[in-house]
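Biologist: Please take a close look at the nonpolar core of this model. Keep it brisk, and give the cut-offs.

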Amino acid sequence: MPKAHETLLEIDLNALDNNYKYITSKITPTTQMLAVVKAFAYGSDAVIVARELVTLGVNYFAVAYTKEGETLRNAAIDTPILVLHPLPVDFESIVNRCLEPSIYSRKTLSEFIAFAEANNQTNYPIHLKFNTGLNRLGFNESDILWIVKTLSKTKSVKVKSAFSHLAASEDLKLKEFTIGQIGVFRKISEKLIAQLGYKPLLHCANTSGIINYPEAHFNMVRSGIGLYGYGNDSEVNKYLKPVATLKTVISQIHEVQKNQSVGYNRGFIAEKTTKSATLPIGHADGIPRSYGNENGWVTIAGKKAPILGNVCMDMIMVDVTNIECEEGDEVIVFGPSATAEELAAAVNSISYELITAISQRVKRVICRK
Ligand SMILES: *Cc1c(COP(=O)(O)O)cnc(C)c1O
């Protein structure tokens, strides 16, 4: 890559290929692979990432919201798309764009069936979401009888899959809880299949579920963070490559004298002569204020430059006292060597939050490294 002359997010499709191959190496050839491309493919670029995954043979996509599915359809992606969190106001768009809704409550099932019938649909694919312990979205086991009875009265929809979501698949201290969740899901799916009389696809594993619980793969797995290069585990991270590299540039260098301050509200006060570099990236680009006051850092010429004082909306100032650098030099915020996981950990956050927060103001550059 040429050196960056502005703030940009590089998206390395070869890293994506590597991660896809690693994750699919953990599943059997008959297990289907669903790629989660919600939130702009975890802050990268949903259309570009989805197109690449299609060439790699992905079976399914999932997005959180209907609008995200529309974006993929507008880009002529015709792979099945599961919408994880549709709202009844979205049902028209769901059906118009051949998106497949997660149905998670009696209300959503009744309303979707009414909509599908009114629009003369038959066997419209739906996905039943079951709550097995996350207590976020989903039917409970006690709803099965009602679900099957409701479904028996209509030809408008057909259950394409039944699924659940693990609450702590990355945390092996909670292994017992996760094994319990998987057990509940198995019981629910057996009961459902017995009463439905046909076998929908079953799935409950996210990235860490794929890695840590092979017994939870069922017919399909759903990977998000792993595809983007983060495995929630240092051992797994060795095999994954971060897809996104956030870069910026030094706009200006200041020599700050002892007792002078840097930034809003005098957030940093120099105890000695300090060289600060001003960078064109701020909280409006996705660097939260919590990274200020030397909690977070960037990398310049291979060295850590802590963020001085408060993060501004459009800028940060970093300490380059001990770094040989000049105006115009490239700066790495995170990427394969200074990872988003490491940086996020400095403010008690996680890779997911940092990478998905990079705002749409930041230019995306697609590359293959
Ligand atoms: C976001 C999400 C995933 C992806 O999880 P990762 O930990 O990123 O692999 C899978 N399933 C559901 C229901 C999700 O909301």
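Modeller: Here is the core, followed by a helix pair and a glutamate. This is a predicted model, where local features need pLDDT of at least 70, side-chain atom pairs count only at pLDDT 80 or more, and totals for chains, interfaces and linings use all residues. Residues are numbered from 1 along each chain as its sequence is written, and side-chain values use heavy atoms, with hydrogens and water left out.

A nonpolar core is a set of buried Ala, Val, Leu, Ile, Met, Phe, Trp, Tyr and Cys residues joined through side-chain atoms within 4.5 Å. Buried means under 20% relative accessible area, with a 1.4 Å probe and protein chains only. The largest core holds 108 residues. L53, F112, I300, V318 and F334 touch the most other members. Helix α1 (residues 13-24; a DSSP run of H or I, at least four residues, numbered from the N terminus) gives the most to this core, with six residues. At least three residues come from each of domain 1 (31-228) and domain 2 (244-367); the bounds come from an automatic or database domain assignment.

Take I300. Beyond four places in sequence, its contacts (heavy atoms within 4.5 Å) include I250, V318, V320 and E330. Another core, of seven residues, lies apart from the largest one; V256 and L308 are among its members.

Now the helix pair. The axes of α6 (residues 106-118) and α7 (residues 144-152) are 11 Å apart, at about 5 degrees. These axes are lines fitted to C-alpha atoms over the stretch in contact, with angles from 0 to 180 degrees between N-to-C directions.

Last, E52 sits in helix α3 (residues 46-56). E52 counts as buried because its relative accessibility is 8%. Leaving aside neighbours within four places, E52 contacts L13, L16, D17 and R368.

Terms used: Helices (H or I, at least four residues) and strands (E, at least two) are DSSP runs, numbered from the N terminus. Buried means under 20% relative accessible area, exposed over 50%, partly exposed in between (1.4 Å probe, protein chains only).
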